Amino acid sequence: MSKRYSELWKGQKWKQLRRNLFRLQRRVYKAVQAGDLRKVRSLQKLILKSRSAQLLAIRQVTQLNQGKKTAGIDGKTALKYRERFELLEELNHYATVWKHSGLREIPIPKKNGKTRILKVPTIADRAWQCLAKFALEPAHEATFHARSYGFRTGRSAHDAQKYVFDNLNSVKKGIEKRVIELDIKKCFDRISHKAIMERLIAPSGLKYGIFRCLKAGVNPEFPEQGTPQGGVVSPLLANIALNGIEAIHPSVRYADDMVIFLKPKDNAEKVLNKIKAFLAERDMEISEEKTKITKTTDGFNFLGWFFRVQYDGRFKSYPSKENLKNFLKKVKSVANSSNYGAEVKAQKLAPIVRGWRKYHRYCCMEDSPNNLWFTNKATERKFRKQKSTNKHESKRLVKKAFPSVSWKENGHKMVRGTKSPYDGDLVYWSQRNSKLYDNATSKALTKQNHSCGYCELKFIDEERVHLHHIDGNHDNWKKDNLMAVHQSCHQYIHGSKSKD
């Protein structure tokens, strides 16, 4: 019986399901642009009832999301194949009248010593939220401001980084400017439910579901405020409430992090008063102690980077001190561990180092400590102390542990205007997404014309690209042995790791 469900799940025509969903989402996007809200709501109902969307939502939360193994209040960390089909039937019957279970609260320490509460829904609720997001996101992508980059499909922190450069470089006389480092006080905890619901483009059934989702995570002290941090749809709801704040003054926003650019004659107090009025309508306020006005020559932190205009007018960006400190702490904890040998340490360090370098690849990385030269040497010495690790072997392992990633200061190409993956420009988005990768993966994507080597669909969504070794030998890096595939496609090539 279990084998039958396993084969039935793996045998789904995922390629066609993705096409079915995208076709509906593109129609939603176009209908909003045309101002036909009646058609929009009708199409959103179709998405909620679509078997393709329901299956993809279940797959997303059970196989692809990073937090897929985090349990809700029901204690479930995974679903067996049979349970996935049971959830499919549940979504099919109750998608328009969904009722949320409670949320599991997980305290997360913050760097200021306080804690924030991560509120985790059950897997079933996460699947419904993902389904709701499929219906809501294309509608609101057609209305979102061009300078909003956080938690949006097709956009990233690097777009925000590039926008800062475009406003503070020597051509724009960045040396004469100031910035407002805006901090919204407890943003996710204080967003007004009314502000979200008034701006939500959705049919009544979906609206009620979102309302119940918001109420499931309320703080008893603030029953009309807050969107639960940990929900699949929460970042989208926050973007819906904050959309438009970017139009008040030249600025860049990534979720609730925002930098506002001030020319010499701009009145900072007037700008802040407009921001305060905008936030007050949504029952939010700025944090007076954390919001500050800074000279560009003094520098400021934003999204893990430190930006500064030098006294000769050149704009520079580096990894922030806090970001570097946290990264080095991770590297040291692995390198100093006595639980495993040098070979395993190198394997564990490689993705940490590669991820950090890729995030900062548009910063200035030539000088120490950002080039990691001293960290590299210190790790090599620690490797050499391991049993049976000679000088030649330790050098080989350190090279493996510290993979190189090419960098080009301010080299990112920013997303064009208000473009969205839902606009149907497959060539633009597949080529753009390919540039997020480098080295062997980038070459494989170019060779495959920016399409998945397994399902042949273009890489236009946020699903990660994996590099598949065709012969199974991960030491064979010849071009003919490498194939770029979707994360989900990679899982099906090797067989799902989920056990029934």
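This passage describes a buried glutamate and three backbone features in a predicted model.

E141 belongs to helix 6, which spans residues 123–141. The relative accessible area of E141 is 2%. E141 therefore counts as buried, since the cut-off is under 20%. The side chain of E141 makes a polar contact with that of R152, at 2.8 Å. R152 is also among the residues that E141 touches beyond four places in sequence. The others are Y29, T153, S420 and Y422.

Attention turns next to the backbone. Most peptide bonds are trans, and most residues other than glycine have a negative phi. The bond from S368 to P369 is cis, with omega near 5°. P369 sits in the loop between helix 14 (342–359) and helix 15 (373–384).

L372 lies in the loop between helix 14 and helix 15 as well. L372 is not a glycine, yet its phi is positive, at about 65°. The relative accessibility of L372 is 1%. With buried set at under 20%, L372 therefore falls in the buried class.

A positive phi also occurs at K186, with a value near 45°. K186 is likewise a residue other than glycine. Its place is the loop between strand 3 (178–183) and helix 8 (187–190).

Note on methods
Residues are numbered from 1 along each chain as its sequence is written. This is a predicted model: local features need pLDDT of at least 70, side-chain atom pairs count only at pLDDT 80 or more; totals for chains, interfaces and linings use all residues. Side-chain values use heavy atoms; hydrogens and water are left out. Helices (H or I, at least four residues) and strands (E, at least two) are DSSP runs, numbered from the N terminus. Buried means under 20% relative accessible area, exposed over 50%, partly exposed in between (1.4 Å probe, protein chains only). A polar contact is a pair of N or O atoms within 3.5 Å; within protein, one must be able to donate a hydrogen and the other to accept it, and residues adjacent in sequence count only if both atoms are side-chain atoms. Contact means heavy atoms within 4.5 Å.
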